[in-house]
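Here's a quick tour of one protein model, taken site by site. Have the viewer open and follow along.

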Amino acid sequence: MSEAADLLQRLVAISSESGKEDGVVQALEEVLRGLGWEPRREGRNLYALLGTGGPVLLLNSHTDTVPAGEGWSKPPLGVREGGRIYGRGANDAKGCLTAMILGAARAYAQDPPAGRVCLAATCEEEISGQGLGALLPLLPRPDAAVVGEPTGLAPAVAQKGLLLLTVTVRGRSAHAAWGGGVNAVHAAARDIVALSALPFEREHPLLGRPSLQVTLVKGGTRHNVIPDRCELTIDIRTTPDYRPEEIVALVQKAVGGEVEIRSRRLESVATDPGHPVVRAALAARPGTAPFGSPTVSDWVFLKDVPTVKVGPGDSRRSHTPDEYLETAELEEGVLFYERLIRGYHALAK
Ligand SMILES: [Zn+2]
């Protein structure tokens, strides 16, 4: 049986929901030691340095998964069947992690590149917690980075950010039968209509325009009371063409309610398509093209580091029942990362 499929199956067999990655980190520590590396552990993050001298290429992916959830026809802790490995995390992102580890192992086993790799397996990506953001200050400063997420081995060179806002609309309560008062839910409805027409004129070549969705509405307490308060949650997927403050100002201008920023730290990021890390990724897999990704990842912590997000698998399989990775995709991933490491160091030196 293949080394890569065995390793992926071993990792998928260990449940590792965000915050509970200890078991899988311990297994990875053994795996990396078995490869002759010297892994270091910081909390539930693990990293290892390969090579000496030259630029540092960070290879990062995450060990945590979302909960298995309902609706599975296969065992969520993994089964190999019909050329596929099923299980929570097989695609997002233990397949990427497996391919990164074995790709790096191959690159440094023979004819090693003239540069270093820092491989970091980090926790809590799915909850934007104490993962890469916490580990990064302890690592040698990367000259470039690769974030392992399932992209079908095409490099994402731009990624949308997430800006989360709350709009609080206030009214004045009264008895529904008598009328009077000011209905905050009605006022919020007008705000929702205004928000759906919000103009985002600047269009990013790969990410398009920012998108805005009202995703939660909370208002009213009883059927017979005119509500005095309604709260809207707004999920905005941003592009590098708009500063978060600009978007907040646009929203504030459109609505009657009071706007508050709930989260703005997951900013949009992008890398120059001519950078060696992008060129190396494209050369490692002829026929692929750079693209813009709508989903956030740990790339947000690498704002000032030229980064590509790329890995085996398909992002649309992530977080679904019967999540899987094809063993052929996994093998291609191993070869891909080996070539990417070699190509990057050949271009960057
Ligand atoms: Zn992921």
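What follows covers a metal site, some aromatic contacts and one helix. Keep in mind that this is a predicted model.

**The zinc site**

Let's start with the metal. Which protein atoms are the donors of the zinc ion? They are H62 through NE2, D92 through an OD atom, and E149, which is listed with two OE atoms. These donors lie 1.9 to 2.6 Å from the zinc ion. The geometry is irregular, with angles of 53 to 141° among the 4 donor atoms. For four donors to count as tetrahedral, all angles would have to lie between 85 and 135 degrees.

Along the chain, the zinc donors follow the spacing H-x29-D-x56-E. H62 belongs to strand 3 (residues 56–62), while E149 sits in the loop between strand 7 (144–147) and strand 8 (156–159), so the two tie together parts that are 87 residues apart in sequence. As for exposure, H62 and E149 are both buried.

**Rings and charges**

Now for the aromatics. How many aromatic pairs turn up in a search of the whole structure? The count is 3. Two of them are set out here.

| Pair | Centre to centre | Angle between planes | Type |
|---|---|---|---|
| Y86 and Y324 | 5.7 Å | 55° | tilted |
| F336 and Y337 | 5.4 Å | 70° | edge-to-face |

The pair of Y86 and Y324 links distant parts of the chain: Y86 is in strand 5 (residues 84–86) and Y324 in strand 18 (residues 324–326), 238 residues apart. Are these two tyrosines buried or exposed? Y86 is buried, with 9% relative accessible area, and Y324 counts as buried too, at 16%. The cut-off behind both calls is under 20%.

Y86 has another partner to look at: K74 lies over the face of its ring, 4.8 Å from the ring centre. A charge over a ring also shows up at Y242, where the charged end of R202 sits 4.2 Å from the ring centre.

**Helix 8**

Finally, have a look at helix 8, which runs over residues 327–348 and has 22 residues. From first C-alpha to last, helix 8 reaches 31 Å, close to the 32 Å expected at 1.5 Å a residue.

Which residues of helix 8 are buried? Among them are E329, L330, G333, V334, L340, I341, Y344 and H345. An α-helix has 3.6 residues a turn, so residues three or four places apart point the same way. F336 and Y337 from the table are also on the buried list of helix 8. F336 has a relative accessibility of 1%, and Y337 has 0%.

Definitions and conventions: Residues are numbered from 1 along each chain as its sequence is written. This is a predicted model: local features need pLDDT of at least 70, side-chain atom pairs count only at pLDDT 80 or more; totals for chains, interfaces and linings use all residues. Side-chain values use heavy atoms; hydrogens and water are left out. Donors are N, O and S atoms within 2.8 Å of the metal (3.2 Å for Na, K and Ca); water is not among the atoms, so sites may look incomplete. Four donors count as tetrahedral if all angles lie between 85 and 135 degrees; four count as square planar and six as octahedral if opposite donors are over 155 degrees apart and all others between 65 and 115; anything else is irregular. Helices (H or I, at least four residues) and strands (E, at least two) are DSSP runs, numbered from the N terminus. Buried means under 20% relative accessible area, exposed over 50%, partly exposed in between (1.4 Å probe, protein chains only). Rings of Phe, Tyr and Trp (its six-membered ring) pair if their centres lie within 6.5 Å; planes under 30 degrees apart count as stacked, over 60 as edge-to-face and the rest as tilted. A charge sits over a ring if NZ of Lys or CZ of Arg is within 6 Å of the ring centre and within 35 degrees of the ring normal. The expected span of a helix is 1.5 Å times one less than its number of residues.
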